[in-house]
Every structure is written in C-alpha cells, then in structure tokens.
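Trainee: I'm new to this one. Could you walk me through it, please?
Mentor: Gladly, let's look together.

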Amino acid sequence: MQKEREAEPRRGVGPLIPPLSEGQRPLRQQVFERIRAAGLIPRITLARELAVSPASVTTITQELIEAGLIEELPAPRDPEATGRGRPAVALGVRTGAHRVAGMKLSDREHTAVIVDFAGTLIADDVIPRRPGPLSLTDLLDAVETLLDRVCAKAGLDRADLSAVGIGVPGFVDVAEGMVLWSSVLTERQVPLAAAAAARLSLPVSIDNDANLVALAELWFGAGRALSDFAVVTIEHGVGMGFVMNHRIYRGAQRLGMELGHTKVQLDGALCRCGQRGCLEAYVADYALAREASTALNWGHKEGQPINVLLESLYDHAKAGNATARSIFRRAGRYLAVGLSNVINLFDPALIILSGERMRYDYLYAAETLAEMDSLAIDTGRPRPPIEIHAWGDLLWAHGAAALALSAVTEGLLAPAAREIAAQ
Ligand SMILES: [Zn+2]
C-alpha cells in the first residue's frame, strides 16, 4: 500500500485578478453607468442589455432612485414601437444630484467647465496666463481663482461641487495624485491632488492632459462605442491617450503612453526631457519654432508667445514660402513615423489627432498620411481611420470633468473598488 504523502500546499494557477477589478464592477454600478450612457432607458431594456433579471433591475434601480442618483422620466418616443407594450417611463440620471468641475492647466491658459451629474455643460471659463512654469502656490492661486469664476458663472458656490478633476501636461500618477514632472510646475514630485484638495476643500483627481482628451472622446465623442482607440495630442508637446477595452490604459506605474518621448532618431534633436531624438523634438511647437529660427533665420524675441511665431510660419507656408512649407513637411514626416508605430503596436480601431496645432493642416497633409501607410506593416487589411479634432482646451477640461464624475460615481457605488479602479 502506498504510503500517504503529506499534502503539499497547493499553489493554484491562473491570473490573480483582484476582486472588483475594472471588468467586475458591482452590478449597481453597472446599472448606473448603463443608464448614464443611454441617457434615458426603460427598465426592460436595461435588464436585457445587462443580461440580468428584470426583478434584479427593479430592486437595484429602486435603491438608486431612493439614493437620489437616478429618476423616472417619460420614456422617449420610439417610432418603431407599436403603441401597445411601449414602456411609459424610462430611467435617467438625476442631473442635479451632483455637479463637478473639470480644469485643464496649460502653458498658455487655464480652462474650466462645470457639468451636472449627467455630464451636461453648465458653465465654462478661461483665464489666459504668461507662459512658463509656476510654483505650486501660484498654480493653486490660479486654480482657485478660475474655480470661483466658473462657479459664479454657473450660479453655484464651491461647496455645491462634489469633486474637481484637473489635467496637467507631463508625467502624472493618477492613483497617487502626484505630478512627477510638468511644464506648468517649477517643482518636481508634487502631490498636486492632495494640495489642491486642501486648498479647495473638495475631493480632487488629477491626470495627464492627453489621457483626459482620450477620456473626453470616450465619454462624449467619437470613442464612445469603440473598445480600442488612440488619441494623439499635438500641443506644446506630443501626448497620447490610449483606450483599451473601453478603459484608459495607463501602464504598471501609470506612466505609460509617452508617445512624444519615443525615439525616432538616434542622436537626434534635443528634447525638453533632456534626451535626444524624441518624436516631440520634431513635431511639437517648440520644434517648429526651432526650425523656423534656424532655417528662416527668424529670431524668437524674448517674451514673444511661441504661437505668434508659429502663426507667422503657417501664414508663410500658406503663401507658398518653400522653406516654411518644408518645415511643416518634415514635422509631418516624423509624425507619420510616430503614427505608424502606434498602428503597428496597438492596432487601434481609430486614431484621433487632437489639439490646437491640428489647425496646421500641413502636419497631416495627404503626403503625411501616405507616408504613414507606407510605414505601417502591410497586413492586407485597411489601416485605421485617422480623424482630426482641432478642438480647443474646452474638450480637455470636459475630460477632466469626466474624471471627476468617475471619482464621484466610484465613491458612491463601489467604495471598495475605488483604489483598484482609479479611472
Ligand atoms: Zn523627450
């Protein structure tokens, strides 16, 4: 008879997915998010779409109604429904339940919006600023001033807000609320979320501004129905937000997707990050300004805003100046390299080019797109469409408001999941 061996500890196999990971949100959170995404939805449709029983939906929606988060409203008229059996009521988010602010802080100006609980814009405002990094105290002064102004426009007090989302350029750890480096701050390693929360007496979430554009597209724009897409922002720098499986992809340390600092040239042009050959060093506005001052011998006057120089460069290109055109053409070629790398790495359903610089159409002229095609691997399948969204900072601020709305929703519906699902 075989001697019974002492049982060895069983190790287990398979991925160690923490409970309540992003894909396993509590049902009541899923119900709420589905209602918010639909605008108005009858209970029966909600049950069908979430594949749960109508009884469960009734219980959960009753809780959400009692909590004041959703309400019953007249069902929208469905032209295909025959009078009988059409639900008389639908569920919608109770718009006044919460209001949040979203802000984009940039080198040029600070922008803010206030939205209601259904994400509808209530008020917006912009304050211009002198370019250059600020101390944390000065930045918080600007945030406070802007927030009070946009609140006044909305007819609200600061205390009427439930949360604030803030987007800054640079390296941001969203989970820790830390800005590791940003062009708008003189200091490094700044706990901006905590500092702003203390100053404003409100919960504050922060994120990289490119992620917030991706979030804005995911919540309000072209990305709502797409599971995987990229947003490439061309502004003072080059950024990328990537949505993977309907969520912002951030990386293990939440510092990924720095497309602007991927290398496109060995020993190439000097980048703001201190390294050489970064994509940003060929495409961003300071790169165009550098080329203009070298090739056209234009002096960049001290204190002159860089966009004045860029506007002038653009005007010369439009008027047929060959050197000015070649500067944009060269930047466009590098952009083509960057975009083809994104396609080859991620196979996105769509690439959105966003930011004020997208007015410079030479950057994405037919030659640029043709060059991108020639650099993307030939699979025999069509390449993803490229859309140009030359929207301003208001869109970015909307993304910051979506971040704040997410934080409010997580806090209300999934407190335990909050640390895991930081988005
Ligand atoms: Zn760089």
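Trainee: Which residues in α1 meet which residues in α2?
Mentor: This is a predicted model, where local features need pLDDT of at least 70, side-chain atom pairs count only at pLDDT 80 or more, and totals for chains, interfaces and linings use all residues. Residues are numbered from 1 along each chain as its sequence is written, and side-chain values use heavy atoms, without hydrogens and water. Helices are DSSP runs of H or I with at least four residues, strands are E runs of at least two, both numbered from the N terminus, and contact means heavy atoms within 4.5 Å. On the α2 side are L46, E49 and L50, met from α1 by Q30, V31, R34 and I35.

Trainee: At what angle do α1 and α2 pack?
Mentor: Helix α1 covers residues 27–38 and α2 residues 43–50. Their axes, lines fitted to C-alpha atoms over the stretch in contact, are 11 Å apart. With angles running from 0 to 180 degrees between N-to-C directions, the packing angle is about 120°.

Trainee: Which element gives the most to the largest nonpolar core?
Mentor: A nonpolar core joins buried (under 20% relative accessible area, 1.4 Å probe, protein chains only) Ala, Val, Leu, Ile, Met, Phe, Trp, Tyr and Cys residues through side-chain atoms within 4.5 Å. The largest has 48 residues, with F328 and V232 among those with the most contacts inside it. Elements supplying at least two residues each include β10, α9 and β13. The top contributor, with ten residues, is α10.

Trainee: Which residues does F328 contact, leaving aside its neighbours within four places in sequence?
Mentor: F328 is one of the residues with the most contacts inside the largest core. Beyond those neighbours, its contacts are L288, L313, Y314, A317, Y360, Y362 and L363.

Note on methods: Buried < 20%, exposed > 50% of the residue type's maximum accessible area, 1.4 Å probe, protein only.
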